[in-house]
Amino acid sequence: MNRTRLIISLVVAATLLYAVAPLLQHDRRGGFEMQKFGRTPVLLNGRIKPLDTVARNSLLIIHGKQTFATGQGTLSAMDWLAEVLMKQSEADRRKIFVIRNPETLAALGWKPDAGKYFSFGEFVPHLQEIEQQATLAQKVDAQLRSPFQRDIIKLFERLTLYHRLENSIEVTGTQNFKGQIDELVKNIHPSPVPMNSGITAEALQSLAFLAETGYFYAIPPFAPNDDPLRWRKMGESLLVFLTDGKLHPAVKAWASLATAFQQNDAATFNSALDQYSRELQRDLPRRVWKAKVESIFNQVQPFYSAMVLYVLIFILAAASWLVWPQTLGKYAFVLLVVTFAIHSTGLITRMYLEGRPPVTNLYSSAVFIGWGAVLLGIFLERFFRNGIGSATAAMIGFITLLIAHHLSMDGDTMEMMRAVLDTNGWLATHVVCVTLGYASTFLAGFLALTYIVRGAFTPSLDRATASSLSRMVYGIVCFATLFSFVGTILGGIWADQSWGRFWGWDPKENGALLIVLWNAIILHARWGGLVRQRGLMVMAVFGNIVTSWSWFGVNMLGIGLHSYGFMDSAFPWLIAFVASQLAFMMIGLLPFHFWRSQMEAPRRVPAREMVDLTA
Amino acid sequence: MAAITSAESFFIRSPLRVLASLRLTVVCLALGMLLVFLGTLAQVHWGIHQVQARYFQSVLIYWSPPGASWRIPVLPGGYLLGTVLLINLLAAHATRFQLSKKKLGIILLHLGVILLLIGQLLTGLFARETQMRIDEGQTMGYSEAPREVELAVIDPTNPDYDQVVAVPEAVLARGGTIQNPTLPFTIKIRQFMANSQLVMRTQAPDAPPSPATQGFGKNIVATELPRTVKEDERDLSAAFIELEGVQGSLGTWLVSNAIADRQPFTVEGHTYSLVMRQRRFYKQFALTLLNFTHDRYAGTDIPKNFSSRVRLVDFERNENREVRISMNDPLRYRGYTFYQSGFDNNDKTSILQVVKNPAMLMPYIACGLVALGLLVQFSMHLFGFVKKRSR
């Protein structure tokens, strides 16, 4: 007994250690305190976030990954961003842009074998052409664009983002930004008319360019009287100085950082960073704290480690059906609980950072569906102790987190909510209920998949397992009906509150209604004796199709109030998923003598008796 | 004796049993899924408004091959399915269900579904959605139907008010001649175009001569277009109207909701004017837009909130107060609900959605009943299950 406990504690400790391991790696490339630099708060897209988030999301959009592998090693997102902001000559040589479309390559006059990776420097002679092509392509309706048109628009957007990043702190190619600022402070006599301040026309123009082009807002508000959200871009802040004579200390701090980095002077860089961090800590302690939490969250990537662990759990739990059911089943369950805790920590951290209920966009719905399904799976495993709850939960946990990972490719997953969605009350009730409805419908569907796969392909589905699976599916379908029905009606009430109509037959509303109807059909068909154990399973698998349609399919129609844009890349995956589910339904309908498990058609139950059974 | 019983069972019991059967429930729900799914797909081509009318607020859905003049019903529409489900549910409770504690959850839940179905039917039949576009400082005592026009004949003789005869779109579309006892002439609808394109005659020199002999219509070419299906587009309707007095025709006018100018004319020394506009619904009270605010997130164009500060004046009820209408926080007054719906004109115009729905409360009650019923039923199951496991 004691030994078992010890082993369990060791497993738990090792799992947690695995989860926090990324924090233990200290990134100090060339002696620069990049990790600390990444915690500096800036404003972008209406949200104050650490520079690290800006770096990761930008690199993700431009390069498709959160790190960049050079020939000699791996650059972290922050290492890369530092170069883009402060040492552009180096950054322009990094081959970070990916082009896979041969037509795009041809349009640029490059051979198809010219390699997939290109640096910004290589694009410079072609910028005008690319802009022209992209402008032409943008005139075509988004859904009618050819692959080349989509690719060239994407390329243009990436190049624009890169260009804006480069001109966020200093004008690209500036050698000594600190010196420039010092000169400016010495020679300028602030005047309401900028031209009268003694600045040259050329210098004024470059400040205006910086104010216009810069991507993020690096300079905090003037403490403590300024509007707390009135952050400024570097250029804007310098223009304020020209007219008002107020120079924000952060301008000097950033200038020192930029010049020290340019001159490869780590000691000066670190001490300037140290001083700036102290100033921020004094003026904006809460923002600094949140930025720190977010950058730790970025580094730990709890959803990534949970994803990996779910695979391990699935393997353990599925193996328990063949060998050592007790031991393997137990460890799978322990791991599942620990992984669920990691998943939950990630979820709660996101909620804290956003100040929102768990589901605010498609990305977070994926994270939450996985979470909900795993929670239900844990309950099932507690009751039935046969590995099925663990295995199914782990499978859904893995798949949904994988989907979330792919959805995060578009950039920041914590966007601000548009006005109509900006009500935590409804987000917390309607959206959470509907999403739990999705989660439980998927869980029922995946339990049914387990039944069909184990029954048809392995001899491991015995009578007891089959009947416990049937009870699980029935219970989860009841649960799914409750949540999807209540969630859908709450959505109607929200719509009534904000648009004045309860139901508008909008595609997303219809999608939710389909889930409710399908779950209701399953329950009534079972109560009416129209289906028995196997029919229930086949119907539950169809629930996967209905739910995937509601979750993703309707967004691909590109119409309606809930439409999140056309997701062309996800479409083949949806089709493949639907096809696979239909295939499993066919297998589920095969006569029993094709099944590997010894199954016999159960005794016919008269309809009346079935009805009474459920009462 | 035996013959009577079997006849009774055949004509009364067995139809009732079919009506009350779970099979019928499953079939209706499955057809409902098909309807909802097809109704979603159809929105891509037909737009939400046409689909609503054709699929969901209809008894049958028809199909006809392109170009054919006949059509066959292929699927039951929303009204028919809803009604059959309602009857099915009522029949099931009349025959199969006994009132018992064990069935409490299901009974509550079904009662909620019944209320929901009836509520949606009533909403479909009686609710009215209109819009109010107010500029800052403007006072408005009416709202307009965004997708329906009317022809207004205005008699401005009285300095205190205008006397208006309004012809709704449904009547215009029917065509024919309209006579109203307050007008000394008849209105003949020569052509009505639900959607049209208007071009200055100078830009289309080859166009056939205009039927219009009076007003601005002489200089404009109107061409009929199919109705728009896009959510963000509006139809521009137009019509050629001929007025006929005792002495014969007074002329033909072109009217369109694209042109707000009133076209004056004189009959028997009395001046009237003619205009086509969005159909108006007058209220017993008026709203004045004091100001409109539109907040954005810092450093972005993402709207954070919009709200209208309005003054509500109602002489009948002696109301005169300031109200704030914002997203998710509407004004409810005298059976109408005013929602913040949009803005225009550089944030100087506020667009309010005005809804009158006598069945508004039903989904709220239904939701409560369904949730309660499901909760009671499933927790009875769950507790039973847990108890059985722990034994």
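Is Arg201(B) buried, exposed or partly exposed? Keep that question in mind while selecting the residue; the model is a predicted one.

**Stop 1: Arg201(B)**

Select Arg201(B), in the loop that runs between strand E8 (195–200) and strand E9 (220–225) of chain B. Arg201(B) has 14 other C-beta atoms within 10 Å, so it counts as partly exposed; a buried residue would need 20 or more. Now add Asn219(B) to the selection. The two residues lie 18 apart in sequence, yet their C-alpha atoms are 5.2 Å apart in space. Leaving out residues up to four places away in sequence, Arg201(B) touches Ala207(B), Asn219(B), Ile220(B) and Val221(B).

**Stop 2: a hairpin in chain B**

Stay in chain B and select strand E12 (residues 263–267) together with strand E13 (residues 270–296). These strands pair in the antiparallel sense, over 5 bridges. To see one bridge, show Phe265(B), whose partner in E13(B) is Tyr272(B). The hairpin has 2 residues between its strands, and Glu268(B) takes a positive phi near 50° there.

**Stop 3: the domains**

Colour chain B by its assigned domains: domain 1 (2–127 + 362–390), domain 2 (140–281) and domain 3 (284–356). The centres of domain 2 and domain 3 of chain B, taken over C-alpha atoms, are 31 Å apart.

Then do the same for chain A, where the assignment gives domain 1 (101–166), domain 2 (177–284), domain 3 (303–415) and domain 4 (433–615). Between the centres of domain 2 and domain 4 of chain A, again over C-alpha atoms, there are 58 Å.

**Stop 4: helix H3 of chain A**

Select residues 51–63 of chain A, which form helix H3. Its 13 residues reach 17 Å from first C-alpha to last, close to the 18 Å expected at 1.5 Å a residue. How many residues of H3(A) are buried? The count is 11 of the 13, so the helix is largely enclosed by the rest of the structure. Among the buried residues are Asp52(A), Arg56(A), Asn57(A) and His63(A), as well as Leu51(A), Val54(A) and Leu59(A). Move just past the end of the helix to Gly64(A), which takes a positive phi of about 85°.

**Stop 5: where the chains meet**

Show both chains. Here 48 residues of chain A are in contact with 48 residues of chain B. On the chain A side, helix H21 (463–498) and helix H22 (507–527) each supply at least two residues. H21(A) gives the most, with 12 residues. The chain A side divides into 33 nonpolar, 11 polar and 4 charged residues.

**Stop 6: the nonpolar cores**

Select Leu447(A) and Val473(A), the residues with the most contacts inside the largest nonpolar core, which has 143 residues. H21(A) gives the most to this core, with 17 residues. Centre the view on Val473(A). Not counting residues up to four places away in sequence, Val473(A) touches Ala444(A), Leu447(A), Ala448(A), Leu536(A), Met537(A) and Ala540(A). Another core, of 64 residues, lies apart from the largest one, and Val84(A), Ile219(A), Trp231(A) and Ala250(A) are among its members.

**Stop 7: helix H23 of chain A**

Finish with residues 533–551 of chain A, helix H23. This helix has 19 residues and reaches 27 Å from its first C-alpha to its last, close to the 27 Å expected at 1.5 Å a residue. H23(A) is mostly covered, with 15 of its 19 residues buried.

Key:
Residues are numbered from 1 along each chain as its sequence is written. Chains are lettered from A and ligands numbered from 1 in the order in which they are written. This is a predicted model: local features need pLDDT of at least 70, side-chain atom pairs count only at pLDDT 80 or more; totals for chains, interfaces and linings use all residues. Helices (H or I, at least four residues) and strands (E, at least two) are DSSP runs, numbered from the N terminus. The expected span of a helix is 1.5 Å times one less than its number of residues. A residue is buried if 20 or more other C-beta atoms lie within 10 Å of its own, exposed if 12 or fewer, and partly exposed in between; C-beta atoms are placed from the backbone. Two residues are in contact if their C-beta atoms, placed from the backbone, lie within 7 Å. Ala, Val, Leu, Ile, Met, Phe, Trp, Tyr, Cys and Pro count as nonpolar, Asp, Glu, Lys and Arg as charged, and the others, Gly among them, as polar. Domain bounds come from an automatic or database domain assignment. A nonpolar core is a set of buried Ala, Val, Leu, Ile, Met, Phe, Trp, Tyr and Cys residues joined through C-beta atoms within 7 Å. Two strands pair if DSSP finds at least two bridges between them.
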